[in-house]
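Let's walk through this protein together, one feature at a time. Have the sequence and the 3D view open as you read.

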Amino acid sequence: MELTDHDVYLFNEGTHFALGNKLGAQVAPGGVRFSVWAPSAEQVWVGGDFDGWEGQPLQPRGDSGIWTAFVEHAHHGHFY
């Protein structure tokens, strides 16, 4: 499931009770959505056998500390 602006709002106020359905690696049509909480990070990357371990950058979601990226062609069973 995609991490929405409302999810980020609930996360920021400390009332999101279903983050397990939003953070981590979430399989979606056409790829995998990666979302992690890394509040002190300056950059976050994800790499795996889906991209030859080259890595792809995640983008910050405002000032929430959450970073996200949608990786096309990644799928269930890939190592990352």
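A good place to start is with aromatic rings: Phe-34, Phe-50 and Tyr-80 are linked into a cluster by ring pairs. Here, rings of Phe, Tyr and Trp (its six-membered ring) pair if their centres lie within 6.5 Å; planes under 30 degrees apart count as stacked, over 60 as edge-to-face and the rest as tilted.

Before going further, a word on the model. It is predicted, and local features need pLDDT of at least 70, side-chain atom pairs count only at pLDDT 80 or more, while totals for chains, interfaces and linings use all residues. Residues are numbered from 1 along each chain as its sequence is written, and side-chain values use heavy atoms, with hydrogens and water left out.

Back to the rings: the structure holds three aromatic pairs. In the one formed by Phe-34 and Tyr-80, the ring centres are 5.0 Å apart and the planes meet at 65°, so this pair is edge-to-face. The pair links distant parts of the chain, with Phe-34 in strand S2 (residues 31-37) and Tyr-80 in the segment after strand S6 (66-72), 46 residues apart. Is each partner buried or exposed? Phe-34 is buried, at a relative accessible area of 5%, whereas Tyr-80 is exposed, at 55%. Buried means under 20% relative accessible area, exposed over 50%, and partly exposed in between (1.4 Å probe, protein chains only).

Now step back to the whole fold. The protein has one helix and six strands, and from the N terminus on its elements run α-β-β-β-β-β-β. The radius of gyration is 13 Å, close to the 12 Å that the globule rule gives for 80 residues, so the protein is as compact as a globular protein of that length. That radius is taken over C-alpha atoms, and the globule rule is 2.2 Å times the number of residues to the power 0.38. Helices (H or I, at least four residues) and strands (E, at least two) are DSSP runs, numbered from the N terminus. Along its principal axes, the C-alpha trace spans about 40 × 25 × 15 Å.

Of the 80 residues, 39% count as buried. Among contacts (heavy atoms within 4.5 Å) between residues at least 6 apart in sequence, 58% join residues at least 24 apart.

Next, look at helix H1 (residues 5-13). Which of its residues are buried? They are Asp-7, Val-8, Leu-10 and Phe-11. These residues cover an arc of only 165° around the axis, which puts them on the same side of H1; the arc is that of the directions from the helix axis to the C-beta atoms. The general pattern helps here: an α-helix has 3.6 residues a turn, so residues three or four places apart point the same way. On the other side of H1, Asp-5, His-6 and Tyr-9 are exposed. The cover over the buried residues of H1 includes S2 and S6. Just after H1, Gly-14 takes a positive phi of about 80°.

Positive phi also turns up in residues other than glycine. Trp-53 has a phi near 65° and lies in the loop between strand S3 (45-46) and strand S4 (56-57). At 52% relative accessibility, Trp-53 counts as exposed. His-73 has a phi near 75° and sits in the segment after S6. His-73 is exposed too, with a relative accessible area of 64%.
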